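Me: Hi! Could you walk me through this one? I'll put it up here.
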Amino acid sequence: MPYNRWISEDPNTIAYRIFKKHHCEINDYLWSYVPLESFGSYIVRNEKEKSIHELFFVGGPDAKRVYTERHKWRKDIESFSKWTNINALVSILSYFEFYMKRICHTAIMSDPGLIIGSSRAVDGTINLKNDIKIPGIQIISATLMDEWREVANC
């Protein structure tokens with residue numbers, strides 16, 4: 001089969017592999033936390049007599065930082081769980097934004113005719129080899145990485 005520059009030998013791009021690596025990493029972190037939170041809540045719900053310090057063997061110099069009251073602990077663990085999920089979402093959106101910037105930039109650099117609606121009219125590797133800058137690429141890149149209110153005003 002002859003070489004075709006427009007067909008990739010690899011079904012996944014480098015940008016996708018990086019995105020997937022980050023996504024799997026944060027997914028592993030979140031799912032390692034879920035059983036601990038569930039088990040801790042189960043213990044607190046079902047053991048009516050003991051304090052939090054007794055249930056979880058809290059001791060040492062930082063023991064005073066942990067509430068002994070069960071209702072306060074449950075409220076805090078629920079708040080922490082929500083906070084963890086929000087931070088995971090921020091991380092996911094961050095690396096998704098990087099992924100989008102990478103694939104859009106690569107697509108335009110590879111096929112600059114996309115900007116004017118003439119796909120494959122110019123092979124972008126010629127531009128890369130000759131260090132020719134593509135007008136408008138900064139605008140597209142900035143759209144993907146600027147603050148959201150600035151993007152909305154474009």
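Me: Let's begin with Arg45. Where does Arg45 sit?
Reply: Happy to help! Arg45 is placed in helix α1. Keep in mind that this is a predicted model.

Me: Is Arg45 buried or exposed, or somewhere in between?
Reply: In between: its relative accessibility is 38%, and since the partly exposed class runs from 20% to 50%, Arg45 counts as partly exposed.

Me: Which residues is Arg45 in contact with, leaving aside neighbours within four places in sequence?
Reply: Those would be Arg70 and Arg74. Arg74 is 29 residues from Arg45 in sequence, with 9.0 Å between their C-alpha atoms.

Me: Back to the helix. What span should α1 have, and what does the model give?
Reply: With 33 residues at 1.5 Å a residue, α1 should span 48 Å, and its end C-alpha atoms are 49 Å apart, so the two agree.

Me: Nice. Which residues of α1 are buried?
Reply: Among them are Phe19, Ile26, Leu30 and Tyr33, and also Glu37. The cover over the buried residues of α1 includes α2 (52-55) and α3.

Me: Switching to pockets: how much space is in the largest pocket?
Reply: About 450 Å³. Its lining has 15 residues, and Ser8, Thr13, Ile14, Thr106 and Ser110 lie nearest the centre.

Me: Which helix gives the largest share of that lining?
Reply: α3, with five residues. Both α1 (14-46) and α3 (70-110) supply at least two residues each.

Me: And how does the lining divide by residue character?
Reply: Six of the lining residues are nonpolar, five are polar and four are charged.

How values were computed
Residues numbered from 1 in each chain as written. Predicted model: local features only at pLDDT ≥ 70, side-chain atom pairs only at ≥ 80, totals over all residues. Heavy atoms only, no water. 1 Å grid on protein atoms, 1.4 Å probe; cavity = no way out; pocket = protein on both sides within 12 Å on 5 of 7 lines; lining within 4 Å. Points joined across faces, edges and corners; volume = space filled by probe spheres on them. Helix = DSSP H or I, 4+ residues; strand = E, 2+ residues; numbered from the N terminus. Nonpolar A, V, L, I, M, F, W, Y, C, P; charged D, E, K, R; others polar. Buried < 20%, exposed > 50% of the residue type's maximum accessible area, 1.4 Å probe, protein only. Contact = heavy atoms within 4.5 Å. Expected span 1.5 Å × (residues − 1).
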